[in-house]
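Good morning, and thank you for making time on the agenda. I would like to take you through one structure, beginning with confidence and ending with individual residues.

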Amino acid sequence: MAGHRRTRKPGTPTARQRHHDNSRALLAEKLAATGDPVQRLAHGFDYARAAAARARRRDPGADVTAALDAALHALVRAGDQLIH
């Protein structure tokens, strides 16, 4: 219907909050179902990449560099520990 707007009930989360909750729950399911540490790392990487993309879509000027740099440094440190 043209011009029809659905209103949400008081106390219900917005679509953005539900999307975050749903994607977080999906990540938890994937991590619980996967025993391979490398595959778990891949799921975490996919989640972080999608979260950065959502942040940029929501706010094109968003600075996601600090969070992604911290994650990158943690991955490099983990790789260094595995090598040694």
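Let me begin with a definition: pLDDT is the predictor's confidence in each residue, on a scale from 0 to 100. The term is needed here because what you see is a predicted model. The protein chain has an average pLDDT of 84, and 83% of the residues reach at least 70. Confidence also varies by element: helix α1, residues 15–33, has the lowest mean, at 83, while α3 has the highest, at 90.

Next, the overall architecture. The secondary structure of the protein chain consists of three helices and zero strands. Read from the N terminus, the order of elements is α-α-α. How much of the protein chain is buried? Of its 84 residues, 11% are classed as buried.

I turn now to the largest pocket. Its volume is about 260 Å³. Which helices each supply at least two residues of its lining? They are α2, spanning 37–58, and α3, spanning 65–83. Helix α2 provides the largest share of that lining, with six residues. The residues that line the largest pocket are L41, G44, F45, A48, R49, A52, L68, A71, L72 and L75. Sorted by class, the lining comprises eight nonpolar residues, one polar residue and one charged residue.

Two of these lining residues deserve a closer look, namely F45 and A71. F45 belongs to helix α2, whereas A71 belongs to helix α3. In sequence they stand 26 residues apart, and in space their C-alpha atoms are separated by 9.1 Å. Are they buried or exposed? For F45 the relative accessibility is 47%, so F45 counts as partly exposed. A71 is likewise assigned to the partly exposed class, because its relative accessibility is 36%. For both assignments, the class in question lies between the 20% and 50% limits of relative accessible area.

Let me move to the loops. T34 sits in the loop between α1 and α2. With a relative accessible area of 17%, T34 falls under the 20% limit and is therefore buried. A polar atom of the T34 side chain lies 2.8 Å from the backbone oxygen of K30. Which residues does T34 touch, once those up to four places away in sequence are set aside? The answer is Q39, R40 and H43.

The loop between α2 and α3 contains A62. A62 has a relative accessible area of 25%, which means that A62 is partly exposed. A62 and A52 are 10 residues apart in sequence, with a C-alpha to C-alpha distance of 9.2 Å. A52 has already appeared in this talk, as one of the residues lining the largest pocket.

The last residue I wish to discuss is S23, in helix α1. Why is S23 classed as buried? Its relative accessible area is 15%, and buried means under 20%, so S23 meets the criterion. Leaving out neighbours within four places in sequence, S23 makes contact with Y47 and R54.

To draw this together: the predicted model has three helices and zero strands, and its largest pocket has a lining to which α2 and α3 each supply at least two residues. Within that lining, F45 and A71 are 9.1 Å apart, C-alpha to C-alpha. Outside the helices, T34 is buried in the loop between α1 and α2, and A62 is partly exposed in the loop between α2 and α3. Thank you for your attention.

Key: Residues numbered from 1 in each chain as written. Predicted model: local features only at pLDDT ≥ 70, side-chain atom pairs only at ≥ 80, totals over all residues. Heavy atoms only, no water. 1 Å grid on protein atoms, 1.4 Å probe; cavity = no way out; pocket = protein on both sides within 12 Å on 5 of 7 lines; lining within 4 Å. Points joined across faces, edges and corners; volume = space filled by probe spheres on them. Helix = DSSP H or I, 4+ residues; strand = E, 2+ residues; numbered from the N terminus. Nonpolar A, V, L, I, M, F, W, Y, C, P; charged D, E, K, R; others polar. Buried < 20%, exposed > 50% of the residue type's maximum accessible area, 1.4 Å probe, protein only. Polar contact = N/O pair within 3.5 Å; in protein donor to acceptor, adjacent residues only side chain to side chain. Contact = heavy atoms within 4.5 Å.
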